[in-house]
Amino acid sequence: KADGPLILSTWNHGLPANVAAIEKFKQTGSILDAVETGVKDTELDMDNLSVGLQGLPDREGITTLDASIMTGDGSCGSVAFVRQIKHPITLARAVMEKTPHVMLAGEGARQFAIAEGFPLEKEELSPKAQEAYDEWKKTSKYKPVINIENHDTIGMIGMDDKGKLAGSCTTSGLAYKMHGRVGDSPIIGAGLYVDDEAGAATATGLGESIIRICGSFLIVELMRQGRSPQEACEEAVRRLISKNRKNIADIQAGFLAINKDGEVGAFAVHPGFNFAKANLTSNELIDSKSHF
Ligand code: SD4
């Protein structure tokens with residue numbers, strides 16, 4: 001078990017998110033609070049066009065958000081295809097803690113948010129998203145480009161000093177997706193899975209390719225069977241490639257995992273994936289290896 005909390009999160013924005021997570025952990029001692037607060041930082045980052053209401057819209061010009069949260073005892077909550085909510089991760093946590101359900105989507109998620117007192121934000125694109133959308137509309141081609149359009153979702157997994165695990169994942173999903181499209185991030189077992197008895201995993205990249213293999217659940221189950229987090233992430237990437245052969249050159253996906261002993265692993269389909277790893281005294285960005 002770690003001496004203090006260990007926090008891992010996807011991509012460069014994982015660095016400031018980890019700082020927010022560690023700070024919160026110091027205040028409350030809760031790994032759940034830490035992973036929620038950490039990704040809230042990214043949900044507000046105006047430079048991030050793949051998370052939060054400033055994210056790139058769907059092809060109708062509407063930004064819709066997906067998020068999930070889970071703890072190692074099996075508690076989980078998520079929201080999908082939700083509009084006008086600044087912190088979908090907090091809404092996902094409310095679904096987990098205040099409803100008998102795991103997942104709320106679309107208008108129902110928004111109604112629940114209103115009932116819980118979440119402020120509804122004005123529905124308008126951020127200046128950067130508007131500019132990108134106007135440019136995209138000139139050709140309206142739907143072809144996600146790896147490491148450009150599909151990067152930047154934040155997935156965060158953490159362990160406290162007693163070995164308890166929690167994770168969070170939040171995104172505006174694929175840019176210019178069809179209206180109503182839901183990715184892997186709010187799907188428990190695809191974008192996120194956490195089990196104190198085995199480990200935790202989160203995913204980023206083309207959601208369809210990740211859903212197809214139940215990516216995060218697969219990694220946690222492989223760790224349960226004794227694979228290291230690194231071996232488990234590599235096996236999940238191999239599986240993903242085997243089920244997405246036709247267009248694998250255009251598909252990026254990356255996985256990040258921790259096992260119950262605090263060992264860490266990461267692997268991606270293509271180069272370019274990285275993650276941030278923090279404890280009480282350090283916070284570093286690490287490049288993931290990749291299959292190709
Ligand atoms: C999705 N997995 O909605 C998300 C997108 C993503 O980095 O990870 N972007 O498919």
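T204 sits in strand β8 (residues 199-205), where strands (E, at least two residues) and helices (H or I, at least four) are DSSP runs numbered from the N terminus. The model is a predicted one, in which local features need pLDDT of at least 70, side-chain atom pairs count only at pLDDT 80 or more, and totals for chains, interfaces and linings use all residues. Numbering starts from 1 along each chain as its sequence is written.

Let's look at the ligand site. There are 15 residues around the ligand, and T153, G173, G183, T204 and G207 come nearest; a residue is near if its C-beta atom, placed from the backbone, lies within 6 Å of the molecule. By class, this shell has two nonpolar, eleven polar and two charged residues. Here Ala, Val, Leu, Ile, Met, Phe, Trp, Tyr, Cys and Pro count as nonpolar, Asp, Glu, Lys and Arg as charged, and the others, Gly among them, as polar.

The table sets out three of these residues. A residue is buried if 20 or more other C-beta atoms lie within 10 Å of its own, exposed if 12 or fewer, and partly exposed in between, with C-beta atoms placed from the backbone.

| Residue | Place | Other C-beta atoms within 10 Å |
|---|---|---|
| T153 | loop between α5 (127-137) and β5 (154-159) | 32, buried |
| T204 | strand β8 (residues 199-205) | 30, buried |
| G207 | helix α6 (residues 207-211) | 28, buried |

Contacts (C-beta atoms, placed from the backbone, within 7 Å) link these places. Setting aside neighbours within four places in sequence, T153 is in contact with T10, S50, V51, C169, T171, S185 and T204. With the same exclusion, T204 touches T10, W11, T153, G155 and G254, and G207 touches G173, L174, G183, D184 and S185.

What does UniProt say about T153? Its unreviewed entry gives T153 the annotation "active site". The unreviewed entry also places a "binding site" at R181, V182, G183, D184, T204, G205, L206 and G207. UniProt positions follow the numbering used here, feature names are shortened, and annotations may be inferred rather than shown by experiment.

Now for the nonpolar core, a set of buried Ala, Val, Leu, Ile, Met, Phe, Trp, Tyr and Cys residues joined through C-beta atoms within 7 Å. The largest one has 81 residues, of which I219, F255 and A257 touch the most other members. Its largest share, six residues, comes from α3. Another core, of six residues, lies apart from it and includes L49, L56, A129 and A175.

Key
Contact = placed C-beta atoms within 7 Å.
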